[in-house]
Amino acid sequence: MLVCDYIVKQIDGDYAHLQRMDQPEEELKVIARALLPAEIYEGCELHYELMQYSMK
């Protein structure tokens with residue numbers, strides 16, 4: 001079960017580009033904004049657990 005934290009690096013229309021905090025050298029993960037909390041903004045931190053994203 002994957003549990004990790006992300007930083008929203010960029011918001012591009014209906015998608016957000018996320019960077020894992022524990023593996024910053026990995027490519028950015030592109031996620032549909034519909035799967036993320038509505039109040040996200042560039043630079044905010046998200047927590048991922050049980051296939052859900054939440055604000056930190």
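Start by selecting Lys 29 and Tyr 48 in this predicted model. Lys 29 lies over the face of the Tyr 48 ring, 5.4 Å from the ring centre.

Keep Tyr 48 on screen and ask how exposed or buried the residue is. Tyr 48 has a relative accessibility of 14%, so it counts as buried, the cut-off being under 20%.

Next, add Tyr 53 to your selection. At 13% relative accessibility, Tyr 53 counts as buried too. Now look at how the rings of Tyr 48 and Tyr 53 sit against each other: their centres are 4.7 Å apart and their planes meet at 50 degrees, so this pair is tilted.

Where does the other pair take you? The structure holds two aromatic pairs, and Tyr 53 also pairs with Tyr 6, so bring that residue into view. Here the centre-to-centre distance is 6.0 Å, with 55 degrees between the planes, and this pair is tilted as well. Colour the strands to see what the contact joins: Tyr 6 belongs to strand 1 (residues 4–12) and Tyr 53 to strand 5 (residues 52–55). The two residues are 47 apart, and their pair links distant parts of the chain.

Stay on Tyr 6 for a moment. Its relative accessible area is 2%, which makes Tyr 6 buried.

To finish, show Tyr 6, Tyr 48 and Tyr 53 together: ring pairs link these three into a cluster. Leave Lys 29 displayed as well, and you will see it over the face of Tyr 48.

Methods: Residues are numbered from 1 along each chain as its sequence is written. This is a predicted model: local features need pLDDT of at least 70, side-chain atom pairs count only at pLDDT 80 or more; totals for chains, interfaces and linings use all residues. Side-chain values use heavy atoms; hydrogens and water are left out. Rings of Phe, Tyr and Trp (its six-membered ring) pair if their centres lie within 6.5 Å; planes under 30 degrees apart count as stacked, over 60 as edge-to-face and the rest as tilted. Helices (H or I, at least four residues) and strands (E, at least two) are DSSP runs, numbered from the N terminus. Buried means under 20% relative accessible area, exposed over 50%, partly exposed in between (1.4 Å probe, protein chains only). A charge sits over a ring if NZ of Lys or CZ of Arg is within 6 Å of the ring centre and within 35 degrees of the ring normal.
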